[in-house]
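Let's take a friendly walk through the place where two chains meet. Have the viewer open and follow along.

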Amino acid sequence: MYVAVKGGERAIGNAHAWLDEARRGDPALPELSVEQVEQQLGLAVDRVMAEGSCYDRGLAALAVKQARGDLIEAAFLLRAYRTTLARFGSSEPVETGAMRIQRRISATYKDLPGGQVLGPTFDYTHRLLDFALAAEREAVPPAPEAPADPAPMPRVTELLAREGLMRRDATDDAEPPDLTRDPPSFPVPRAAWLQALARGDEGFLLGLGYSTQRGYGNSHPFAGEIRMGEVTVEFTPPELGFAIELGEVVLTECQMVNQFAGSKSEPPQFTRGYGLVFGHGERKAMAMALVDRGLRSAELGEPTDAPAQSQEFVLYHCDNVEATGFVEHLKLPHYVDFQSELEKVRALRREAGR
Amino acid sequence: MGSAEPSTAERRHWMGVLARASLGEIAARLEQAPPLPTHTRLRGPEAGLVMVRGRQGGDGSRFNLGEMTVTRCSVRLADGTLGHAYVAGRDLRQAELAALLDACLQRPELRDALLAGVIAPLAARQAEAAALVARKAAATKVEFFTMANMRS
């Protein structure tokens, strides 16, 4: 219980003034522009768009700057901003099969149609600090080019599905639930948890995904495919009656391939865990795919006793804006609550000492 | 060319090109185009959101992935032609120009000049930007060696 407390306005005002000064840092150094954040801290911007659940690079970069690089605070700022905007509607489903590939790798097939495309990756770097970046640098030369292969890049899961070895995901025309409008009522359909995971905290999902690999809901995953690039978003305005293109968004998609022993009605085959996130967020997409597969255990008749297999555990705890709200509310004044606890402990001690 | 009513495919094309073009790029092309007629704002320009949807597993049922910012605008020309725009982002002036151009492009007497002077060059620039990304991606494609050709 909180009690309204008056006073503190001057302290709060001064604290915020100091925050502003601290954010600016040493005034002898040039101020960071939002454009610089957007361009040069692009993966921080991507993470804030994903967890803020709002694709807008400029807004996410502003949020990163305002939050002094605290990405959860930045996601919170973006979520708060989005509530000020009206929603015009929902897009057509994005066609990730037609993605303009910047990166596409498979850990299950060496030679797959379209090939392995590494893209701008940290993989195979030595993880040694590069002190050249700390010094003034000459212009960075443009990346090498090679003739582009116009051949399509089918999804790995599609190759397996054509052979009948990959369980097809359900396809229906049902209007998907929207967690931003309707709170979940358990059990929820897969569409609801995919939305929650797509906006969930990367660190939390990484830990949960890792737990499935370590035996808490063991699922023997292979990274069937990871792809990153631009997809076109189409929207059908009611006044036009046909779909138009709004522009492109960068997405990262991960298909985890898992063995499935089969059941009375289905032969042994592979199943998939699916990850799809805004921006270039490979770790998040992979973790999401692991947790998605964990949450599918009930549908596949597997045990459901691990944390990553519990819908309520995952959905109630993966959102960092919700989690931070409840954890951080502990620092608000609880003076009266604590006073009553103090009285109780003193009374108990008096009784025990008698 | 020059038929009274544009096809849906034509209109979709120019609306998509205008949605991807920045305000500066559109304005630069318009400097060389004939002046546009005056227009009345019917709605907006206003920024809002569109919920982006994906498919479960990439090809299954739909789910809500997250929202994106979108700006829309609707305008009317003096002759009653309506123009609409829905563009990614929050640039109000880009959306208004896109809506105005959508209206003008529906006018047979303006269409060819605007297609040639504005839409085609913007589309070419967008295609080249996409092709550049594709060429950089192609340069990072792994060429596996087999034991046979490593020896040869």
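A good starting point is the salt bridge between A:Glu248 and B:Arg20, whose closest N and O atoms are 2.8 Å apart. Keep in mind that this is a predicted model. Across the interface of chain B and chain A, the rule finds 13 salt bridges, and 36 residue pairs are in polar contact, both residues having pLDDT 80 or more. On chain B, the elements that give two or more residues to the side touching chain A are helix H1 (8-20), E1, E2, strand E3 (82-88) and helix H4 (108-139). By class, that side of chain B has 23 nonpolar, 15 polar and 15 charged residues.

How much area is buried between chain B and chain A? The value is about 5,700 Å², with carbon and sulfur atoms giving 58% of it. In terms of residues, 53 of chain B are in contact with 78 of chain A.

Strand pairing also links the chains, as the table shows.

| Strands | Sense | Bridges | A facing pair |
|---|---|---|---|
| E2 (residues 86-93) of chain A and E1 (residues 39-55) of chain B | parallel | 5 bridges | A:Ser90 and B:Met51 |
| E1 (residues 54-55) of chain A and E2(B) | parallel | 2 bridges | A:Cys54 and B:Glu67 |
| E1(B) and E2 (residues 62-77) of chain B | antiparallel | 14 bridges | B:Arg53 and B:Asn64 |

Within chain B, E1(B) and E2(B) form a hairpin with 6 residues between them. In its turn, B:Gly57 has a positive phi of about 75 degrees.

Technical notes. Residues are numbered from 1 along each chain as its sequence is written. Chains are lettered from A and ligands numbered from 1 in the order in which they are written. This is a predicted model: local features need pLDDT of at least 70, side-chain atom pairs count only at pLDDT 80 or more; totals for chains, interfaces and linings use all residues. Side-chain values use heavy atoms; hydrogens and water are left out. Two strands pair if DSSP finds at least two bridges between them. Helices (H or I, at least four residues) and strands (E, at least two) are DSSP runs, numbered from the N terminus. Contact means heavy atoms within 4.5 Å. Buried area is the accessible area (1.4 Å probe) that two parts lose on being put together, summed over both. A salt bridge is a side-chain nitrogen of Lys or Arg within 4 Å of a carboxyl oxygen of Asp or Glu. A polar contact is a pair of N or O atoms within 3.5 Å; within protein, one must be able to donate a hydrogen and the other to accept it, and residues adjacent in sequence count only if both atoms are side-chain atoms. Ala, Val, Leu, Ile, Met, Phe, Trp, Tyr, Cys and Pro count as nonpolar, Asp, Glu, Lys and Arg as charged, and the others, Gly among them, as polar.
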